[in-house]
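This report describes the surroundings of the ligands, the domain arrangement, one helix pair and selected backbone angles. The structure is shown first.

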Amino acid sequence: MTQIKETVDIPSFLQKKTGVDVYQCYQCGKCTAGCVLAEDMDYPPSYILRFLQTGLETDYKKVLSSNTIWMCLNCENCIGRCPKEVDIPVLMDFLRQESREKKLVSPKARQIIAFHQSFLDSVKHTGRLYEAGLVADYKLRTKRHLWQDMKLVPKMLKRGKLSFLPEVVKDRKKISDIFNHTIDKKLK
Ligand code: SF4
Ligand code: SF4
């Protein structure tokens, strides 16, 4: 008979890390019905909860290597509909960290991660979002459609929707300190 490998108690581990008890879910499917991205996810949110409940390493790896955790917008529609108030957005946040730490990121999520990174780098270096820099950095990271939106640039400049130079906050050190104590610390 095939042996199924069991791990540390994954539901308890998740509860300790996030405060979410995955056993509260009774698979009613309301979260999936209300999730605007469910159709594009490898597994919709209710499936993710079921995989987490089994406590099997194989199921946990399916979750960590799925695109679902990266597609989630943290919009909170699911928790708003859940009769048991299972905090799926908090779980998704933690699962994204786990996925990176365990090097199980879905190849389908690379563009999403590139966008997150470009966005964060922009805020880290200027203290504000610098749109032109964000787009250029994202395109360079993904090496996709490098010149695709160039024809929009003159119109956006004319309407003041885009500026060539970034606005920089006065005390950039404070911004760096925030990053050093949060995101950068987690990724070390
Ligand atoms: S809505 Fe709540 S109880 Fe229902 S499947 Fe989703 S997480 Fe589980
Ligand atoms: S928070 Fe994520 S899983 Fe929940 S409804 Fe929004 S996109 Fe879907």
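## Loop residues with positive phi

Glu85 is located in the loop that lies between α6 and α7. The model is a predicted one, and in it Glu85 adopts a positive phi of about 50 degrees although this residue is not a glycine. Most residues other than glycine have a negative phi. Is Glu85 buried or exposed? Glu85 counts as exposed, because it has 11 C-beta neighbours inside 10 Å and the limit for that class is 12 or fewer.

Glu76 belongs to the loop between α5 and α6. Its phi is near 75 degrees, again a positive value in a residue other than glycine. Glu76 has 13 other C-beta atoms within 10 Å and is therefore classed as partly exposed. A glycine may be added to this list: Gly55, just after α3, takes a positive phi of about 75 degrees.

## Surroundings of ligand 1

The shell around ligand 1 comprises 14 residues, of which Cys25, Cys28, Cys31, Ser46 and Cys82 come nearest. Two elements, α2 (30-34) and α3 (45-54), give two or more residues to this shell.

In terms of residue class, eight nonpolar, three polar and three charged residues form the shell around ligand 1.

## Surroundings of ligand 2

Ligand 2 is surrounded by 14 residues, and the closest are Cys35, Cys72, Cys75, Asn77 and Cys78. Here the elements giving two or more residues are α6 (77-81) and α7 (88-101). Which element gives the most to the shell around ligand 2? It is α7, with three residues.

The class division of the shell around ligand 2 is ten nonpolar, three polar and one charged.

## Helix α3 and its crossing with α4

Seven of the ten residues of α3 are buried, so this helix is largely enclosed by the rest of the structure. The buried residues are Pro45, Ser46, Tyr47, Ile48, Leu49, Phe51 and Leu52. One of these, Ser46, is also among the residues that come nearest to ligand 1. The cover over the buried residues of α3 includes α1 (10-18), α2, α4, α5 (68-71), α6 and α7.

The axis of α3 comes within 7 Å of that of α4 (residues 57-64), and the two cross at roughly 145 degrees. The crossing of α3 past α4 is left-handed. On the α3 side, the contact is made by Ile48, Phe51, Leu52 and Thr54; on the α4 side, it is made by Asp59, Lys62 and Val63. By class, this contact has four nonpolar, one polar and two charged residues. Of the α3 residues in the contact, Ile48, Phe51 and Leu52 are listed as buried.

## Domain arrangement

According to the domain assignment, the protein chain holds domain 1 (10-105) and domain 2 (109-187). How many residues does each domain give to the contact between them? Four residues come from domain 1 and four residues from domain 2.

On domain 1, the side that touches domain 2 has two nonpolar and two polar residues, with no charged residues. Taken over C-alpha atoms, the centres of domain 1 and domain 2 are separated by 28 Å.

Definitions and conventions:
Residues are numbered from 1 along each chain as its sequence is written. Chains are lettered from A and ligands numbered from 1 in the order in which they are written. This is a predicted model: local features need pLDDT of at least 70, side-chain atom pairs count only at pLDDT 80 or more; totals for chains, interfaces and linings use all residues. A residue is near a molecule or strand if its C-beta atom, placed from the backbone, lies within 6 Å of it. Helices (H or I, at least four residues) and strands (E, at least two) are DSSP runs, numbered from the N terminus. Ala, Val, Leu, Ile, Met, Phe, Trp, Tyr, Cys and Pro count as nonpolar, Asp, Glu, Lys and Arg as charged, and the others, Gly among them, as polar. Domain bounds come from an automatic or database domain assignment. Two residues are in contact if their C-beta atoms, placed from the backbone, lie within 7 Å. Axes are lines fitted to C-alpha atoms, for helices over the stretch in contact, and angles run from 0 to 180 degrees between N-to-C directions. A crossing is left-handed if the near helix is turned anticlockwise from the far one by less than a right angle, and right-handed if clockwise. A residue is buried if 20 or more other C-beta atoms lie within 10 Å of its own, exposed if 12 or fewer, and partly exposed in between; C-beta atoms are placed from the backbone.
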